[in-house]
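Subject: Structure handover and notes

Dear colleague,

Please find below the structure I promised to pass on to you. My notes on it follow directly after.

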Amino acid sequence: MSSPPSGPGKTAPKLLKDFLLFDPVKSPPKRNILTDHPPPVGDGPLLGPQIGSCKHEYTTKTSQSVPPPLDTRPDSTTKYKVAAVCKKCRIHADVRIDYARSTNPCPNSEYLLHHFQRLTPRPDDVTGNRIRYAWQCSAPQCQASLQIDFRVGRLTDHEKDQLTNTEQLKRRYDVVSQQDPSREGIRQATPMEALVRLRKYVRDSLNPQHGRRTFPANNKRFMEAFGVYGQDCKPLLERLGFKYAVRLLDVVRGGRVMLTSAQDELEWTLPSPSPLDDRLNADGSSQRELLEDVDLELLAWMFKISSETGSVNPAAADGWPSADRDVERTLAAQSYQRHVTLRRVAASNEDLPYFASLGALPDFSDSLIEFAYDRQAMCDPDQLPYYFECLQVVTQARGTEQLQMKTATLSSQDVVSRRDLSAAYRFLNIPHADASNLSDERIIELFQAQQPDLGVIAAEEARQALNKIGTARQSQLLINASRQSVDTYEDALSWLGNGASKDMSDDTLLAILAAKTSDNRANEEIGQKAIATIARSRRSNLLNNWLLTGSSDSYTMSVDEALRHLNIDQPVDEIDQTILPVILDSARVDRPGERTEKAIAAIQQHFAGKTSTMSRSPATWPVGLTSHGNTCYLNSLLQYYFSIKPLRDIILNYDHYKLDTSVFAEKQERVGNLHISMVEIKGGQRFAEDLTHLFERMIKESGSAVKPEEDLVCRAFLPPQDYALLASNADGQAPTVNGDLESAVDQNLTDVAEGPDASTASAAADARHPSNASSTTLQASVNGDNADVSMTNGGMPPTPPASPGQKPVDEKQQPSDPPPLPPRRPSMSAKETALAAAKKKATEQQDVAEVHDSIMFRLRSGMLPSGMDDSGEQTDALRDMYAIGMTETEVIKGVTGKPTPQIDSSLLLKVPTEPSDLYSSLDAMFDLQPKETKPDTESYKSIRSLPPLLQISMPRIGWDTKRGGTFKSEEFLRLEDELYMDRYYDTSHPQVLERRKRCWGWRRELQALKTEQKALSQTSVDQLDGPTAISETANYLNHLQEINSVLRDVDVGEIEIDEDLSSALASAAKQQQERLTELQSEIDDLQKRLDFQFADLKSLKYRLAAVFIHRGTHGHGHYWAYIHDFTNNIWRMYNDEHVSEVTKLEDIFEAKTWNQGTPTYAVYVQDDRKEEIVQPVCRAPERAPTPQPSPWTTQTEDVEMQDGAPLRPQREVNFVDPKMVEEGGQNSWDTTRQVAEQITWEGRG
């Protein structure tokens, strides 16, 4: 099969012109005018017809052709063919075009002409008398396949000489005359007569209506042209299908059958070719095609002899109609727009090569010139600067407004032509031939070396030259240097120049700046910006102090500065503190001075601060979340929710967003394509209350961490209809309100409207947070009396009330009967059941994406819809933050269908099976791929709308088909700090879909190459590739021969091996290594093309805001999150109760080791709103209340309870099971809380 087309192409009119000029006989074997493209002007000889090439005059072989009908547009079933033969050289050419892959064939409104790219030759493209070339239209919706075959003439020069050589014709006349002197009318045939007679026999053979199919071999006109009985030309005649035989005649004489003389019975039989049923696929192998071709070749010879000798051509009336128009219409190259000019020629000879490089003709209109440039630039991006130069030359020659606007637009888009690039290098005194060997840093050095000697205008021209070089090299470093940008650390160092590097000390950088500004005071302002950028990246107190005061004295050195000054490469936290004194003492000896002492003090202070438990102010640092044992995934999600300001505001003000269930009895809108019941509505609102309470605690907490309430953990996993279980009493009985169990706060989640008991239920809801385990001490007796309970000092705790349905037992009453059997162990209470269910869910490793979707579903279920989309889905503030509008387009057997709109909250990637990056993973999601549910159907996805927060799910759990089980993928997935979504957005660029389709084929080819590379290189032994393994095996076999010689010496049997096996393996290893080198080169080339396709599309910019990391296996592990604080430009790691700053960004973007974990979920934020949306720090710590002496512990007398209002403690009591304090302990957690033996009440003001 042919490989996909690549490289430059030709428009159909240009290809037609080259076809008419191409002589396959005279053209060189490697490069020719038809199939190849001219080298860039100045880089080699131009392509053109070879000296002596035939100036073809093709005529159409009508019986073998299927030309396009007039005024008919092709479709996917259309095929055309034009078979032609040249009058001069008698070369046969077949032009075939097939639209099988076309959905919108060219020409159309978008693609004005076919633009054909050459396909890679196949092994059967060249034979002894045939050569075949193939092209494909580059338009994605056309992809018409073009094939041109050339064949040599049917009649050889030797056969022509036999027919037309006058000496041979005279000899035949003499022989025939001598054989039968008495025969009258014998004369010498002329060359024209010989051709006419053979053509007459051929045409009679092709005519099925011709009745006489034989003629005598001794026909005198026949023998004059072809010899006695045709024997001189017998090989030619038999090759054409004529048959020579003896005809037997039955003659009866005297009752016996007699034969006449043999001379009278010899005859020739005409060929009887079968009709040509399939003209489209006919390949010239049939007898009919042979005879038809010979007929036209004889006619061409007749025209030639007539012109050379002046003899009359009896077939002149047949004519030789040109095939040019038929070929032109087959290529759809007719009636194209032409450029109107008053000049005698459309272009000068100097400009013609530039038209040819664009695959265009000089008479193309301006629109077609633009079209030709766009196609070449798209198909051959590596030569983009040269094609832009061609466009500039054509524009300069024509001077038309349309082309001038085109070149100006391209220049504004940072497209640089080859000649402009050469001029830029010349301006900087850089030889163009050496430019590719120079690094970006070296070019900047040469640029900066010129600056002191340049005036204002020349300096600006130098910056423009540097910008063009940077654009051509795709070097952001050079572009920023030309724009004097100092926004990044690298740009700032580049602007300083003079060898400034990251390893250079702060003092040296200031000295470089002083020298730079002394020559040009205008550099002072930008110099301060550069130092500010470096100071921010280095966190250099010295540079910050210089920026504030203009002096580098009296400052405190940072730890990073200290490490640089002391030449310590290790991160500070990796330094072994046991050898730290030795390192510092050596530094004092090697580099004595004030700065060394400041560096030592900074490092010592850093390690001294490690002992502090609260090193940061609570008001400026996020609070951590203590785990309930195995709820790290939930803690990571809660931290993420809190960090997103719009989401945090919705939770804290949920009352403004929730659905009023007293007004609305149901919700018509769906959430997640599901109808929402009243239970789910109220359940979502109750969950939001718990989340609101947690957020308020996170804001007001004065410590470093808080612990989410167990009710919140339970509600994250329990169905809303089970929320009532969380409101049960300590004894397992659910509370009742007015005797109605259904009115209890959490059990009032039904699909009926709220009744008059709603206020009572609301009151019960306010009391849900404190534990009710000790509430039995304050309840009335079981018989309903409201009697007060007398408390006595030192007495036993009050007796809990009796179980329902039982009477209290009088302690003084002695049983008269034997004691009954001990009661059965009571079953688990409803409270215990709920907590057990929560524990089971929590201790089972949960997927962050699934829990996140579940929480969003609950929150949205309780919200008042702001509207409803076309699918019936609810629109609300939460949905607007995450909703991604996409389309899925099906392609059924090459026919593209109508896009189907879709809405999702995240982009779901595939489980990675090899190291990759985020763009490649997104490509795998959006690319054209088979649909598993529909045979013969493929589909691709596009984005039609983007949200402020772009969520990307990166699942790690896959199915191992070999082992038949799940596995966790640990493959590396590199994340991007800046993510540009233009390539997936339908309307981001007019050619984005076309570029994507081009990349689909490249990626499939790239995957095939990688698969082959893996098959050749991968072995079962680590760090041993395939060729090395085979080579080592060959070496081992060679060593066996030495072992065999030793075995022979000791009379031990030899190890039998094939003598040729070792050399065969060595040869195979070499071949595999060479193939691997070729594969890597092809992979690099394809990857480069893929990377460049969307380099200019950077409008839809997102920044990485949060990443969820998992470390472990698919059965267990640990989650944490990284969140970017854009306001303070730092990353933080949220690891349960620990919140720390990230110093190694590779832990986030390039997590490769097991310790770094694997990213499973990423959140990107729109770049222009990142600081508005992501605000992780929101703290207003409250001072902890001062403990007051407990009145219970200071009493010396019993206190009698008074009638009236029941006694109420001055502060709610929270009892915490000691087992809940330790995260991940072996003991069970969230067990039923126990009543303390002593209760201490604290007063509250």
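Residues 24 or more positions apart account for 69% of the contacts in the chain that have a separation of 6 or more. Please keep in mind throughout that this is a predicted model. The chain has 1245 residues, of which 44% count as buried, and its secondary structure comes to 40 helices and 35 strands.

The sheet and its surroundings

I begin with an open sheet of seven strands, which runs in the order β1-β5-β6-β7-β4-β3-β2 with antiparallel pairing. The edges are taken by β1 (9–11) and β2 (58–60), and because each of these has a single partner strand, one side of each is left without a neighbour in the sheet. On average, and with direction ignored, neighbouring strands of this sheet are turned by 30° against each other.

Two of the pairings can be described in more detail. Strand β1 pairs with β5 in the antiparallel sense over three bridges, with Gly-9 standing opposite Gln-117 in β5. Strand β5 (residues 115–118) also pairs with β6 (residues 130–137), again antiparallel and over three bridges, and here the bridge partner of Arg-118 is Trp-135 in β6. Helix α11 (residues 366–379) packs on the sheet, where it touches β1 and β5, and its direction makes about 30° with that of β5.

Two of the loops between strands of this region deserve a look at the backbone. In the loop between β3 (79–86) and β4, Arg-90 has a phi near 60°, a positive value in a residue other than glycine, and at 11% relative accessibility Arg-90 counts as buried, the cut-off being under 20%. In the loop between β4 (92–98) and β5, where Pro-107 is found, a cis peptide bond joins Cys-106 and Pro-107, with omega at about -5°.

Helices α12 and α13

Helix α12 (384–398) has 15 residues, which at 1.5 Å a residue should span 21 Å, and the end C-alpha atoms are indeed 21 Å apart. This helix is mostly covered, with twelve of its 15 residues buried; among them are Tyr-386, Tyr-387 and Phe-388, as well as the charged-type names Glu-389 and Arg-398. What covers the buried residues of α12 includes α10 (352–357), α11, α13 and α14 (418–427). After α12 comes Gly-399, whose phi is positive, near 70°.

Helix α13 (residues 401–412) has twelve residues and reaches 16 Å from its first C-alpha to its last, close to the 16 Å expected at 1.5 Å a residue. Its buried residues are Leu-403, Lys-406, Thr-407 and Leu-410, and since they cover an arc of only 90° around the axis, they lie on the same side of α13. The spacing fits a general rule: an α-helix has 3.6 residues a turn, so residues three or four places apart point the same way. These buried residues of α13 pack against α11 and α12, whereas Glu-401, Met-405 and Ser-412, on the other side of α13, are exposed. Just after α13, Asp-414 takes a positive phi of about 65°.

The annotated stretch and a later loop

Further along the chain, an unreviewed UniProt entry annotates residues 1062–1096 as "coiled-coil region". In the model, the chain over residues 1062–1096 is 91% helix and 0% strand, and the end C-alpha atoms are 53 Å apart. Arg-1089 has its place in helix α37 (residues 1061–1093), and at 14% relative accessibility Arg-1089 counts as buried. Residues up to four places away in sequence aside, Arg-1089 touches Ser-6 and Trp-1002.

Lastly, Asp-936 has a positive phi of about 60° although it is not a glycine, and its place is in the loop between β24 (929–930) and β25 (937–945). Is Asp-936 buried or exposed? At 55% relative accessibility, Asp-936 counts as exposed, whereas Arg-90, with its own positive phi, counts as buried at 11%.

With best regards

Note on methods. Residues are numbered from 1 along each chain as its sequence is written. This is a predicted model: local features need pLDDT of at least 70, side-chain atom pairs count only at pLDDT 80 or more; totals for chains, interfaces and linings use all residues. Side-chain values use heavy atoms; hydrogens and water are left out. UniProt positions are given in the numbering used here, feature names are shortened, and annotations may be inferred rather than shown by experiment. Helices (H or I, at least four residues) and strands (E, at least two) are DSSP runs, numbered from the N terminus. Two strands pair if DSSP finds at least two bridges between them. Axes are lines fitted to C-alpha atoms, for helices over the stretch in contact, and angles run from 0 to 180 degrees between N-to-C directions. Contact means heavy atoms within 4.5 Å. The expected span of a helix is 1.5 Å times one less than its number of residues. Buried means under 20% relative accessible area, exposed over 50%, partly exposed in between (1.4 Å probe, protein chains only). The arc is that of the directions from the helix axis to the C-beta atoms.
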